[in-house]
Amino acid sequence: MGKRYTKQEVVDRLQAEIKKGKPLFMPNCGMGISAKFQEKGGSDIICISPTSYWRLKGQGSLAAFLPFYDINQVVFDLAKEIVPVVSEVPLIGLTGPHNPLLPHQKHLEILKELGLSGINPFISKLYGESFSEQIEHIGMGWKNEVEIVEVAQKMDMFTFSYAFSPEEASILAQAGADIIASHVGSTKGGSIGAKTSLTLEEAAQLSQEIFDAARKVNKDVILFAHGGPIEGPKEVEYVFKNTDAQGFTGGSAAERMPIEKAILEVTQAYKNVPMK
């Protein structure tokens, strides 16, 4: 059964890894067996994710915020499946703070009750600037992603926040986010990967600008990179060598693409077994 940690306990676990000179890793997770092996492989945090849920159905990450399901109910249901199969690694949820009928405190109390130690606010900007502006105009946008970080701090819950720009990084660091992760677009690669306009070099440069802005506010904030052309360990190594990133979080890169590769290879191997 997974353990629920305080905000400081999660930060202390991560800082202990940093002091050892080890990179941090947070995979997204959409089913129990993924969580089991993500913990066994040494993940520092596991993020229960509605985007993972849809990817494991063979669909794209963007399906998570479309009106097929309640994005938060997906996380609540997955938590009941994943918390019992994890032992030590802290679990957080990629949940949507935009629902005006679910107050932030009530939302976080549900996650706590389910055994989660923190949150990663879902990002409405994933659907583009135009959608983000429209949803902000009706009070269901990015402002909620900042507010739930502020409420989580008061409730002693750990927070992991994505920033698309240095300006967002500064605001989220002021709100008290424990981790700022550069988001350089949905991850490309595999069978249903997203398109990205950034090169790996450009993604690293933007990430460093985001990191610099976050560290101006909080010199101790932990820095992660995510998305776009950063699709595997080779690309992550480039980002680590060329930025101040201390960790990487993978969605497709950590679950969907490894599953696609493993199933393809074993299926082809069975089909090529020699017969007498």
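**α9 against α10**

I started with the contact of α9 with α10: Leu 200, Glu 201 and Ala 204 on the α9 side meet Glu 235, Tyr 238 and Val 239 on the α10 side. By type, I get 4 nonpolar residues, 2 charged and no polar in this contact. This is a predicted model, so I am reading computed geometry throughout.

Next I looked up the geometry of the pair. Helix α9 covers residues 200-217 and helix α10 covers residues 233-242; the two pack at about 45 degrees, and their axes are 10 Å apart. Angles under 35 degrees would count as roughly parallel and 65 to 115 as roughly perpendicular, and α9 and α10 are therefore oblique to each other. I noted the crossing of α9 and α10 as right-handed.

**Val 239**

I stayed with one residue from that contact. Val 239 sits in helix α10. Is Val 239 buried or exposed? It has 2% relative accessibility, and buried means under 20%, so Val 239 counts as buried.

I then listed what Val 239 touches, leaving out residues up to four places away in sequence: Leu 200, Ala 225, Ile 230 and Ala 245. Leu 200 is also one of the α9 residues in the helix contact. For a long-range check I took Tyr 270: Val 239 and Tyr 270 are 31 residues apart in sequence, and C-alpha to C-alpha they are 37 Å apart in space.

**Nonpolar cores**

On to the cores. In soluble globular proteins, nonpolar side chains tend to be buried together. Here the largest nonpolar core has 52 residues, and Phe 158 and Phe 160 have the most contacts inside it. Which helix gives this core its largest share? I found helix α4 (residues 71-82), with 7 residues.

I pulled up the surroundings of Phe 160, skipping neighbours within four places in sequence. Its contacts include Met 26, Ile 92, Ile 119, Ile 179, Ala 181 and Phe 224. Asn 120, Pro 121 and Thr 249 are also in contact with Phe 160.

Another core, of 25 residues, lies apart from the largest one; Trp 142, Leu 172, Ala 175 and Ala 225 are among its members. I had already met Ala 225 as a residue that Val 239 touches.

**α5 against α7**

Second helix pair. The axes of helix α5 (residues 104-114) and helix α7 (residues 142-154) come within 10 Å, crossing at roughly 60 degrees. That makes α5 oblique to α7. The crossing of α5 and α7 is right-handed, as I noted for α9 and α10.

For the contact itself I wrote down His 104, Gln 105, His 107 and Leu 108 from α5, meeting Asn 144, Glu 147, Ile 148, Val 151 and Ala 152 from α7. These divide into 4 nonpolar, 4 polar and 1 charged.

**Asp 156**

Most residues other than glycine have a negative phi. What is phi for Asp 156? I read a value near 65 degrees, which is positive, in a residue other than glycine. Asp 156 is in the loop between α7 and β5 (158-163). Its relative accessible area is 36%, so I put Asp 156 down as partly exposed.

**Ser 34**

Last entry. Ser 34 is in helix α2 (residues 32-40). I have Ser 34 down as buried because its relative accessibility is 10%. Beyond residues up to four places away in sequence, Ser 34 touches Cys 29 and Glu 255.

Note on methods: Residues are numbered from 1 along each chain as its sequence is written. This is a predicted model: local features need pLDDT of at least 70, side-chain atom pairs count only at pLDDT 80 or more; totals for chains, interfaces and linings use all residues. Side-chain values use heavy atoms; hydrogens and water are left out. Axes are lines fitted to C-alpha atoms, for helices over the stretch in contact, and angles run from 0 to 180 degrees between N-to-C directions. Helices (H or I, at least four residues) and strands (E, at least two) are DSSP runs, numbered from the N terminus. Angles under 35 degrees count as roughly parallel, over 145 as roughly antiparallel, 65 to 115 as roughly perpendicular and the rest as oblique. A crossing is left-handed if the near helix is turned anticlockwise from the far one by less than a right angle, and right-handed if clockwise. Contact means heavy atoms within 4.5 Å. Ala, Val, Leu, Ile, Met, Phe, Trp, Tyr, Cys and Pro count as nonpolar, Asp, Glu, Lys and Arg as charged, and the others, Gly among them, as polar. A nonpolar core is a set of buried Ala, Val, Leu, Ile, Met, Phe, Trp, Tyr and Cys residues joined through side-chain atoms within 4.5 Å. Buried means under 20% relative accessible area, exposed over 50%, partly exposed in between (1.4 Å probe, protein chains only).
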